Amino acid sequence: MRTEHEHRWTTESAHATSEGLVSYQRCACGRRRVTLAPAVTVAAPAAR
Ligand SMILES: [Zn+2]
């Protein structure tokens with residue numbers, strides 16, 4: 001379909017939750033999405 005294009009996501013708002021940072025994004029075409037960026041990774045690889 002020709003409506004397909006590379007969305008340019010602009011963050012409208014974001015707020016931190018216990019799950020991580022939730023970002024509400026929107027493209028110029030009107031499409032919206034919500035992304036969840038997990039909280040800072042604490043799991044450090046076993047140093048050995
Ligand atoms: Zn778009």
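Start with Leu21 and select Ala37 along with it: Ala37, in β3, is the bridge partner of Leu21. Bear in mind from here on that this is a predicted model.

**Along the β2–β3 seam**

Now move to Ser23. Its bridge partner in β3 is Thr35. Widen the selection to both strands. β2 and β3 run antiparallel, and 7 bridges join them.

Follow the chain into the turn. The hairpin of β2 and β3 has 5 residues between the strands. Pick Gly30, which sits in the loop between β2 and β3. Check its backbone: Gly30 takes a positive phi near 100°. Is Gly30 buried or exposed? Gly30 is exposed, because just 6 other C-beta atoms lie within 10 Å, and a residue counts as exposed with 12 or fewer. Next, add His7 and draw a distance. Gly30 and His7 are 23 residues apart in sequence, and their C-alpha atoms are 9.7 Å apart in space.

**Across to β1**

Select residues 20-26, which are strand β2, and then β1. The two strands pair in the antiparallel sense over 7 bridges. Three pairs are good to click through:

- Thr10, whose bridge partner in β2 is Arg26.
- Thr11, whose bridge partner in β2 is Gln25.
- His15, which stands opposite Val22 in β2.

Then go to the connection. How many residues lie between β1 and β2 in their hairpin? There are 2 residues between them.

**Stop at Tyr24**

Tyr24 is found in strand β2. Show its contacts. Leaving aside neighbours within four places in sequence, Tyr24 is in contact with Glu12, Ser13, Ala14, Arg32 and Val34. Colour the partners by strand. β1 covers 10-17 and β3 covers 32-38, so the list for Tyr24 can be read against those two ranges.

How open is the site? Tyr24 counts as partly exposed, because it has 15 C-beta neighbours inside 10 Å; a buried residue would need 20 or more. One more distance: draw a line from Tyr24 to Thr10. They are 14 residues apart along the chain, and their C-alpha atoms are separated by 8.3 Å.

**Stop at Trp9**

Step back along the chain to Trp9. It is placed in the segment before β1. Which residues does Trp9 touch, not counting residues up to four places away in sequence? They are Gln25, Cys27 and Arg33. Trp9 is partly exposed, with 16 other C-beta atoms within 10 Å. Now add Ala28. Trp9 and Ala28 are 19 residues apart in sequence, yet 7.9 Å apart in space, C-alpha to C-alpha.

**Zoom out to the sheet**

Display the cartoon and hide the side chains. The 3 strands form an open sheet in the order β1-β2-β3, with antiparallel pairing. Why do β1 and β3 each have one side without a neighbour in the sheet? Both stand at the edges, each with a single partner strand, so one side of each is left free of a neighbour. Turn the sheet end on to see the twist, which averages 20° from one strand to the next.

**The whole chain**

Trace the model from its start. Read along the sequence, the pattern is β-β-β. The count comes to 0 helices and 3 strands.

Finish by colouring by burial. Of the 48 residues in the protein, 0% are buried. Take the edge strands in turn. β1 has 8 residues and 0 of them are buried, so β1 lies largely in the open. β3 has 7 residues, again with 0 buried, so β3 also lies largely in the open.

Last, switch on a contact map. Look at contacts between residues at least 6 apart in sequence: 8% of them join residues at least 24 apart.

How values were computed:
Residues numbered from 1 in each chain as written. Predicted model: local features only at pLDDT ≥ 70, side-chain atom pairs only at ≥ 80, totals over all residues. Pairing = 2+ DSSP bridges. Helix = DSSP H or I, 4+ residues; strand = E, 2+ residues; numbered from the N terminus. Axes fitted to C-alpha atoms, helices over the stretch in contact; angles between N-to-C directions. Contact = placed C-beta atoms within 7 Å.
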